[in-house]
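Colleague: I have just opened this model and would like to learn how to read it. Could we go through it together, one question at a time?

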Protein chains: 2
Amino acid sequence: MASSIHDLARHLNISIGTVSRALNGRADVNADTRQRVLDAAAKLNYSPNQSGRSLRRGATHSIAFMLQPHPGDQQYGEPFFIPFLTGLQAKLAESGLDLIVVMGAPGDYQQERLRRVVETRRADAVVLAWTRREDERIDYLTRVGFPFATLGRSRSGGKSYPSLDLDFEKAGAEAVDRLVARGHRRIAAIRPSLNLNFGYLFLAGYRKALRRHGIEVDPGLIADGFINEAGGYGVTPQVMRSKDPPTAIIFNNDAMALGGCKALAEMGIKPGHDIAVIVIVDTPLCRYFSPALTGFRPPLEPMGRRLAEMLLASIPAFAGPEGARIIREVWPLELIARDSD
Amino acid sequence: MASSIHDLARHLNISIGTVSRALNGRADVNADTRQRVLDAAAKLNYSPNQSGRSLRRGATHSIAFMLQPHPGDQQYGEPFFIPFLTGLQAKLAESGLDLIVVMGAPGDYQQERLRRVVETRRADAVVLAWTRREDERIDYLTRVGFPFATLGRSRSGGKSYPSLDLDFEKAGAEAVDRLVARGHRRIAAIRPSLNLNFGYLFLAGYRKALRRHGIEVDPGLIADGFINEAGGYGVTPQVMRSKDPPTAIIFNNDAMALGGCKALAEMGIKPGHDIAVIVIVDTPLCRYFSPALTGFRPPLEPMGRRLAEMLLASIPAFAGPEGARIIREVWPLELIARDSD
DNA sequence: CGTTTTTCCGTAAACGTTTACGAGAACACA
DNA sequence: TGTGTTCTCGTAAACGTTTACGGAAAAACG
């Protein structure tokens, strides 16, 4: 059924060594025989057995991305990742690498699955997302010396790995600036629980900007919830029930904003009219919601491509002649003004 | 760095054969030595090299799911799949199988990536989604005899593979019934372009129900668009500009409904008030939208688990003593009545 | 005690690659 | 003609497993 290198060799009456060399484009093979091998490979529909190749090479030539459903009800998570993965996969494919996405079980935060990928040597490197402020996955990977890169920063692991992040701190501050310029003084911030780093960064920017404007930070206007619709829905009434309610809310996430707007609607409060709403991470949902939500758009597909480059550059085996180097980048978020603030 | 079976053997002063047999739980190994091997494995942090194992066994013990971004602008696609994959992965893990998700490039409809997975023997079977009415992927897989299962039906490939689908036809009819019972006669249907089978099935149910109620099917009330927000946004005005506009719209998809509602809002038409809206595939988006959209909820996580079972049952190597059998199921969709109709 | 059976383990081949090594042939050069 | 170089290819080992086979030791049985 599946043709191997032996089949080719037998078919052409040459040795398997020569076939392999021809296929791999090595110099010490006659141009004529190489062509015959290539032709035969096409004819017999040969393609190399990954297991055999990986075993011999000691490398799988594939990169794993850990996709993690979050705990909470109804996990419809992360449309966010699709364009990122598209970019990642496109760039990896250019270097002949495969991208595989590994699903974790909800809740265990990937530790078990990550160990499995690393220990069974299923991939040569891994890409992590949803970085936390202190991230045990990063600790683990640095400890065992497994190559990886992260979408998002963390305090764990020092500067030993490539990372690409968005400037949530600046976005948080910019959102506050914008709202203050429009006359708001009571501004709420709603972010995901779990100590996801982007929630932390966002809040840092929010706080800093408020102080800069001479506005006291009111803990009653800051709330955490699950990073989904239910979370936003559940937590928004909390801040609205403050004795001096906010006139504006910044949501960290589109799903939380959707849930929050639902809660507001049920309280008879109209976003964009009775209250200003800004979303930090914009998605098509924000654009097509009514009112269209002002937000900061992440260039996800380019980010995927870039992180692939950065990861490859950090691995000696894949880095070009200039040698391995660790690159860390923080990209700006661009505000898309719409109708909700 | 990575310890192999040879390391264990050397460490314990026994042969690698015995180590392997002990690890794999074979009968012909002394209980005492087995325990010693297990202890040593834990101590040396041994875990088997996947490539070596796959090469020898001729099986990878992993299942691939093809995740495909659709063509169109901004691909944020498919929160839909996360809970499905969660269920799939959970069930596969129970049998010691790994789930890997393979990303395709947008546009090529997976053919290239699929071939790659199959030919390099990266997985023992594959799970397909977004089945089309005539599906070249299914033709290909049946032709080469590679095991697979599909989420969704297709006319391709006969009954040679397990499939699990939702009863979109019945849902389409039920939506029409419900709207007619509420006095509607002009009912539009908006579904994805591409010949995705669920769009076809939905429309079949819609047509049948209309006829049953003695309502003529008006082609001007049926429209296709990209299966995302932009698609719904673009196509909804078309049906509304009909000389006898609809009083109700059934959307095939939540993202299309979101875009459609945006278009309606811009025309000054309020869903749930001026026009009835029903969504066939419900997601949290529908629940938290204002007005909350009536829709049919798919039990995604159980579907993932079930399809895993069905796939395993169809593969001789994995099927139990009762032998391989092909199971095909169509599950009902449950209507969740909300405020939009 | 002799024979048979059982228990346990070592040996070695095999899975499909890649690659270091060496050798034969052709060629160049003196 | 002798020596050295270049081209091209075959041989065989290696990657980490699993497993068929056989054999030694122990146990069972008469």
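Modeller: Gladly! Keep in mind that this is a predicted model. Let's start at the DNA: a polar side-chain atom of S20(A) lies 2.7 Å from a phosphate oxygen of DNA strand C.

Colleague: Nice start. How far from a phosphate oxygen of DNA strand C does a polar side-chain atom of Y46(A) lie?

Modeller: A pair of N or O atoms within 3.5 Å counts as a polar contact. R26(A) places a polar side-chain atom 3.0 Å from a phosphate oxygen of DNA strand C. For Y46(A), the distance from a polar side-chain atom to a phosphate oxygen of this strand is 3.0 Å.

Colleague: Which element gives the largest share of the surface near DNA strand C?

Modeller: Several helices are candidates, since both chains take part. Elements giving two or more residues include α1 (5-12) and α4 (50-57) of chain A, as well as α2 (16-23) of chain B. The largest share is 4 residues, and it comes from α2(A).

Colleague: And how many charged residues does that surface near DNA strand C have?

Modeller: DNA strand C is surrounded by 26 residues, with I5(A) and R56(A) among the closest. Sorted by class, 7 are nonpolar and 12 are polar, and the number of charged residues is 7.

Colleague: Of the atoms of DNA strand C within 4 Å of the protein, what percentage belongs to sugar or phosphate?

Modeller: Here we look at the DNA side of the meeting. The atoms within 4 Å of the protein are split between bases on one hand and sugar or phosphate on the other, and the latter make up 58%.

Colleague: Let's turn to the sheet. Which are its edge strands?

Modeller: The sheet is open and has 12 strands, with mixed pairing. Its order begins with β11(A)-β5(A) and ends with β5(B)-β11(B), while β2(A) sits beside β2(B). An edge strand pairs on one side only, and that describes β11 (328-331) of chain A and β11 (328-331) of chain B.

Colleague: Do strands β1 and β2 of chain B run parallel or antiparallel?

Modeller: Strands of a sheet pair through backbone hydrogen bonds, in one of these two ways. In this pair, L67(B) stands opposite M103(B) in β2(B). The strands are joined by 6 bridges, and they run parallel.

Colleague: Last one: what kind of axis relates the two copies?

Modeller: Chain B can be laid on chain A by a turn of 180° and a shift of 0.0 Å along the axis, with an RMSD of 0.0 Å. The copies are therefore related as by a two-fold rotation axis.

Conventions:
Residues are numbered from 1 along each chain as its sequence is written. Chains are lettered from A and ligands numbered from 1 in the order in which they are written. This is a predicted model: local features need pLDDT of at least 70, side-chain atom pairs count only at pLDDT 80 or more; totals for chains, interfaces and linings use all residues. Side-chain values use heavy atoms; hydrogens and water are left out. Two strands pair if DSSP finds at least two bridges between them. A residue is near a molecule or strand if one of its heavy atoms lies within 4 Å of it. A polar contact is a pair of N or O atoms within 3.5 Å; within protein, one must be able to donate a hydrogen and the other to accept it, and residues adjacent in sequence count only if both atoms are side-chain atoms. Ala, Val, Leu, Ile, Met, Phe, Trp, Tyr, Cys and Pro count as nonpolar, Asp, Glu, Lys and Arg as charged, and the others, Gly among them, as polar. Copies are superposed by least squares on the C-alpha atoms of residues with pLDDT of at least 70 in both.
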